[in-house]
Amino acid sequence: MLTLKYIQENAELIIERLKVKNFDASAIVQQINEENNKRKETQLQVDALKAEMNKLSKEIGMLFKDKKIDEANAAKSKTAELKDEIKALDTSFAEIDSKLNALLVQIPNVPHELVPFGKTEDDNVEIKSGGSMPTLYEGNQPHWELIQKYDIIDFELGTKLTGAGFPVYKGKGAKLQRALISFFLDEAENAGYNEIMPPILVNEDSGFGTGQLPDKEGMMYHATVDNLYLVPTAEVPVTNIYRDVILNEDQLPVKNMAYTPCFRREAGSWGAHVRGLNRLHQFDKVEIVQIAHPDKSYEILDEMVAHVESIINKLKLPYRIVRLCGGDTSFTSAMTYDFEVYSAAQERWLEVSSVSNFETYQANRLKCRYKGKDMKKPELAHTLNGSALALPRILAALLENNQTPDGIRIPEVLVPYCRFDTIK
RNA sequence: GGAGAGUUGCCGGAGUGGUCGAACGGGGCAGUCUCGAAAACUGUUGUACUUUCGAGUACCGGGGGUUCGAAUCCCUCACUCUCCGCCA
């Protein structure tokens, strides 16, 4: 969420910029100002009363010490009224405070000035493309047919064991998953990221810290007996490592990566565009996460984009990078780049990575701060994350784009990991 | 799952009803000394909100309660440790 201070100092700018996200913030900003004024007023009163109470209590203590019991008891009787007043004001302060908080979490992150206006993905701006389009042979097939043909991924078996959207990877399909995960982790390691293997169940506080809770509760699987949530992305546990942490300025940037399975309930529709591997309830992903100095975060965003691009290049997939328009940029993000790879048999672009700078928006919820030598107070850090990469759609594109009448060719970089070069 | 003991600042650790945001030790930072360093000595060292910029308020695992007054007493939840049980 945005900080109160920032909202107060930049109300006009926020309202103007959020139009890019098609969000009218004017009413909420006004309500926030009103609540905040009430809050200040109440705090002023309650603090004064408490100060008086503290003073009285000390005096009573002294009187008892001096054995002036009667005087002490007289003073005691005076406190009752004060106590009631304090209690009442404390209650209304808490109410105002939670109202204010509820308002604050409703304002999306302010988009960066480069984020274009727009409502849907059609308004995203392509900033780069690369790789060469494959020309497939006559009779090529989409991946959902290929996986059956070579018996490497079994959706029906997954349905038997769990339900729709939980595929079973078999034989070379399973090995290919393992190979991709190892390859992605090694690439991230070479780029200076520290490997983390986090829990894949998280508590409520963590869900709140990265913004999945309270609003997007429906996206996560909930283990209700223990009140834990299955992670929708490694971003949640890995970013929450820094919840309530004050880092030293010289520790920045913190570069972590993690492989986890990801679980998404995805209540949305199921149709032609979400066939096969295009949308799953459980999938694998390697995530890169950075905690950055505010002055460096956009430089770092570019670095992260370059990292993802290098991986896709090594896999020799045709891709394009788009800067998301306001309408497509998520609630919490200030700027997001999406990577799409071309799926030749489906003849469409598949989103395989999303790299975002959240600036201080997540950090404010997390209370993730840094402090430098010459700083009086800690400041909020910037958080960034990106998929590097999500497996299923990469796999779909690899299978489709590399199919030949004699089988599916494995990209060279993966062969040492797979220890086979063709799926026949 | 059963029984018991705990949770205090950057770390260790004292504090069982009042002057405690908290002894003492370590660490960090600044200074003295030194060509420099070490040692020694001196000082300093949490976060948040409010502020008429003097200060005020809150925080000793979380929440609630008792009391004029709670780190300290009570309730509750979470976590940690020890023993028993179970177990990859």
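This report describes how the protein meets RNA strand B and how two pairs of its helices pack in a predicted model.

## The surface near RNA strand B

RNA strand B is surrounded by 23 residues, among which Q43, S57, K65, R369 and K371 come nearest. Sorted by class, the residues of this surface comprise seven nonpolar, five polar and 11 charged ones. Three elements, namely α3 (26-65), α4 (69-104) and β14 (369-371), each contribute at least two residues to the surface near the strand, and the largest share, 14 residues, is supplied by α3.

Which parts of the RNA does the protein approach, sugar and phosphate or bases? Of the atoms of RNA strand B that lie within 4 Å of the protein, 67% belong to sugar or phosphate, while the rest belong to bases. Polar side-chain atoms that approach oxygens of the strand are listed below, with the kind of oxygen and the distance for each residue.

| Residue | Oxygen of RNA strand B | Distance |
|---|---|---|
| N54 | phosphate oxygen | 3.1 Å |
| T79 | sugar or linking oxygen | 3.4 Å |
| K371 | phosphate oxygen | 2.9 Å |

K371 thus appears in two descriptions of this surface, being one of the residues that come nearest to RNA strand B and having a polar side-chain atom 2.9 Å from a phosphate oxygen of that strand.

## Packing of α3 with α4

The helices α3 and α4, which both supply residues to the surface near RNA strand B, also pack against each other, at an angle of about 160° and with their axes 8 Å apart. Because angles over 145 degrees count as roughly antiparallel, the two helices α3 and α4 are described as roughly antiparallel to each other. The crossing in which α3 passes α4 is left-handed. By class, the contact of α3 with α4 holds 20 nonpolar, eight polar and 12 charged residues.

## Packing of α7 with α10

A further pair is formed by helix α7 (residues 172-190) and helix α10 (residues 297-314), whose axes come within 11 Å and cross at roughly 135°. How is α7 oriented with respect to α10 at this angle? The crossing angle makes α7 oblique to α10, and the crossing of these two helices is right-handed. On the α7 side the contact involves F183, F184, E187 and A188, which meet H307, I311 and K314 in α10. Taken by class, this contact of α7 with α10 has four nonpolar, one polar and two charged residues.

Technical notes
Residues are numbered from 1 along each chain as its sequence is written. Chains are lettered from A and ligands numbered from 1 in the order in which they are written. This is a predicted model: local features need pLDDT of at least 70, side-chain atom pairs count only at pLDDT 80 or more; totals for chains, interfaces and linings use all residues. Side-chain values use heavy atoms; hydrogens and water are left out. A residue is near a molecule or strand if one of its heavy atoms lies within 4 Å of it. A polar contact is a pair of N or O atoms within 3.5 Å; within protein, one must be able to donate a hydrogen and the other to accept it, and residues adjacent in sequence count only if both atoms are side-chain atoms. Helices (H or I, at least four residues) and strands (E, at least two) are DSSP runs, numbered from the N terminus. Ala, Val, Leu, Ile, Met, Phe, Trp, Tyr, Cys and Pro count as nonpolar, Asp, Glu, Lys and Arg as charged, and the others, Gly among them, as polar. Axes are lines fitted to C-alpha atoms, for helices over the stretch in contact, and angles run from 0 to 180 degrees between N-to-C directions. Angles under 35 degrees count as roughly parallel, over 145 as roughly antiparallel, 65 to 115 as roughly perpendicular and the rest as oblique. A crossing is left-handed if the near helix is turned anticlockwise from the far one by less than a right angle, and right-handed if clockwise. Contact means heavy atoms within 4.5 Å.
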